[in-house]
Amino acid sequence: MSENENIAIDEQTAPESVSKLSRGAKIAGGIKEWFRKFTVKLKRRPMNIAFFMLIVSSLVYLFLLGSISQAALEYAKTGVPISMFINTLFCILVLLLFMYAFPKRSKKPKIVMLILTFVFMAVLFALDILLFVRWTAAWDEACKLFATTETGAADKAIREKYIYNAINGVLAHAILVAIAAVLTATYPLYGKLIGKINTRKNVESTEIKEAIDTSAEV
């Protein structure tokens with residue numbers, strides 16, 4: 001077999017192997033490029049990590065709002081409904097304050113808005129702990145009362161699900177808000193660590209070769 005025939009065979013088999021490699025390389029390259037762009041965005045705005053945690057905290061509270069509302073109505077005499085109303089309102093407003101505190105076109109935060117954001121976070125945390133303590137104490141007293149009545153077991157089963165959801169919900173919300181506050185206060189520190197990550201896009205040798213070949217043809 002001559003050298004020209006060997007070249008012809010290689011040219012026929014090459015496209016299939018190249019296409020197989022290019023598909024896998026394209027997927028891997030796409031995932032790598034997504035992470036690179038994501039890291040670049042975090043370098044520019046590391047406070048987005050804290051904002052994401054704050055969004056998660058608000059979603060957790062709002063998703064459990066049905067159980068929290070039932071618990072507030074159950075123990076309305078303890079002044080819980082007004083606390084729940086303020087908590088619900090503040091968990092939405094704090095997101096707006098955070099966005100105003102860190103405008104996209106400004107490298108430095110707005111101090112007044114940032115202070116208000118921390119104030120709202122502190123109020124949310126305090127009200128969550130207040131609701132958690134009051135509902136836990138009220139539920140313990142209710143369980144003692146259920147034990148002395150004939151329909152106690154049935155009444156306990158009816159209330160048990162939403163009470164536990166409400167108690168665990170406000171506790172989880174308090175923890176997430178506290179984490180968001182810590183991340184907001186320390187974003188300059190972990191922002192420097194993220195800034196050390198290499199996000200430069202390396203040009204492959206094959207891409208350079210193709211660019212040279214193309215320029216040579218022109």
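Helices are DSSP runs of H or I with at least four residues, and strands are runs of E with at least two, each numbered from the N terminus. In this predicted model, the chain holds eight helices and zero strands. Read from the N terminus, the order of elements is therefore α-α-α-α-α-α-α-α.

**Overall character of the chain**

The chain has 218 residues, of which 30% are buried. Its accessible surface amounts to about 14,900 Å², and carbon and sulfur atoms account for 66% of that area. Of the contacts between residues at least 6 apart in sequence, 78% join residues at least 24 apart.

**Helix α4**

Helix α4 covers residues 80–101. With 22 residues, α4 reaches 30 Å from its first C-alpha to its last, which is close to the 32 Å expected at 1.5 Å a residue. The helix is bent by about 25° at C91, and C91 is itself one of the buried residues of α4. The others in that buried set are V80, S83, M84, N87, T88, F90, V94, L95, L97, F98 and A101. In an α-helix there are 3.6 residues a turn, so residues three or four places apart point the same way. The buried residues of α4 include N87, C91, V94 and F98.

**Aromatic pairs**

A pair of aromatic rings is described by the distance of the centres and the angle of the planes. Across the whole structure, a search finds four aromatic pairs. Two of them are set out below.

| Pair | Centre to centre | Angle between planes | Class |
|---|---|---|---|
| F90 and F120 | 4.1 Å | 15° | stacked |
| F98 and F102 | 4.9 Å | 40° | tilted |

The F90 and F120 pair counts as stacked because its planes are 15° apart, where the class requires under 30 degrees. This pair links distant parts of the chain: F90 lies in helix α4, whereas F120 lies in helix α5 (residues 111–146), 30 residues apart. Both F90 and F120 are buried.

The angle of 40° between the planes of F98 and F102 makes that pair tilted, because the tilted class takes what is neither under 30 nor over 60 degrees. F98 counts as buried because its relative accessibility is 2%, and the relative accessible area of F102 is 5%, so F102 is buried as well; the cut-off for buried is under 20%.

Which residues form one aromatic cluster with F98 and F102? The cluster is completed by F51 and Y187. Through F98, a buried residue of α4, this helix contributes to the cluster.

Note on methods
Residues numbered from 1 in each chain as written. Predicted model: local features only at pLDDT ≥ 70, side-chain atom pairs only at ≥ 80, totals over all residues. Heavy atoms only, no water. Phe/Tyr/Trp six-rings, centres within 6.5 Å; stacked < 30°, edge-to-face > 60°. Buried < 20%, exposed > 50% of the residue type's maximum accessible area, 1.4 Å probe, protein only. Expected span 1.5 Å × (residues − 1). Bend = angle between axes of the 7 residues up to and from the residue. Contact = heavy atoms within 4.5 Å. Areas by Shrake-Rupley, 256 points an atom, 1.4 Å probe, with all protein chains shown as cover.
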